[in-house]
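Dear colleague,

I am handing over the structure below, and after it I describe what was found in it. Please keep it open beside this message as you read.

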Amino acid sequence: MYQTLTYWHSTFRWIVLLSLFYALWRAFRGYFYHKSFSKTDDSVRHWTATIAHIQLIFGIILYVESPIVKYFWKNFIEARTSLDLLFFGLLHMLLMMTAIVLITIGSALAKRKNTDREKFKTMLIWFSIALAVIFIAIPWPFSPFVNRPYFR
């Protein structure tokens, strides 16, 4: 089960990133070209948050099942000195939860704004910050913290 979850969590990140990039592109285009906030824009906002929440569920299940995380919490004093263990035991989870909260807040605020321009601006700001946090928290092959392959 752990290997399957790892595969799906790793693969689903690409869907999260694609949806975020697409939402940001639509928000950028809408804000700077003074477009109206269409039903499609609202759907993109909604589905971006939903996709992020699905990934969060994968992540929480994986976190609970992970032997790395279990080892980290059982041997916290020693494990916290290892960047690899610290990253997966604490940092990755905290950063990703922060990113999901940012996406959720941005989506909820954008939904409630009165003007189309405010909706696009809200999405652009909150989703951009969330994307930056996600880029820091993903264990890229080139990451200085810890690295994993692009695909598992």
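In this predicted model, helix α1 (residues 2–32) and helix α6 (residues 116–137) pack at an angle of about 145°, and their axes are 8 Å apart. The crossing of these two helices, α1 and α6, is left-handed. If you would like to find the contact yourself, look on the α1 side for residues including L17, L20, F21, L24 and F28, and on the α6 side for residues including F120, M123, L124, F127 and L131. Sorted by class, the contact of α1 with α6 is made up of 17 nonpolar, 2 polar and 3 charged residues.

As for the protein overall, there are 6 helices and 0 strands, and its C-alpha atoms fill a box of roughly 55 × 25 × 25 Å along the principal axes.

Helix α5 (residues 83–112) allows a small check of length: its 30 residues, at 1.5 Å a residue, should span 44 Å, and because its end C-alpha atoms are 41 Å apart, the two values agree. The same helix, α5, has a kink of about 40°, which is centred on L91.

Finally, an unreviewed UniProt entry lists residues 6–25, 46–65, 85–110 and 122–142 under "transmembrane region". In the model, the span of residues 6–25 is 100% helix and 0% strand, with its end C-alpha atoms 29 Å apart, whereas the span of residues 122–142 is 76% helix and 0% strand, with its end C-alpha atoms 31 Å apart.

With best wishes

Methods
Residues are numbered from 1 along each chain as its sequence is written. This is a predicted model: local features need pLDDT of at least 70, side-chain atom pairs count only at pLDDT 80 or more; totals for chains, interfaces and linings use all residues. Side-chain values use heavy atoms; hydrogens and water are left out. Axes are lines fitted to C-alpha atoms, for helices over the stretch in contact, and angles run from 0 to 180 degrees between N-to-C directions. Helices (H or I, at least four residues) and strands (E, at least two) are DSSP runs, numbered from the N terminus. A crossing is left-handed if the near helix is turned anticlockwise from the far one by less than a right angle, and right-handed if clockwise. Contact means heavy atoms within 4.5 Å. Ala, Val, Leu, Ile, Met, Phe, Trp, Tyr, Cys and Pro count as nonpolar, Asp, Glu, Lys and Arg as charged, and the others, Gly among them, as polar. The expected span of a helix is 1.5 Å times one less than its number of residues. The bend at a residue is the angle between axes fitted to the seven residues ending there and the seven starting there. UniProt positions are given in the numbering used here, feature names are shortened, and annotations may be inferred rather than shown by experiment.
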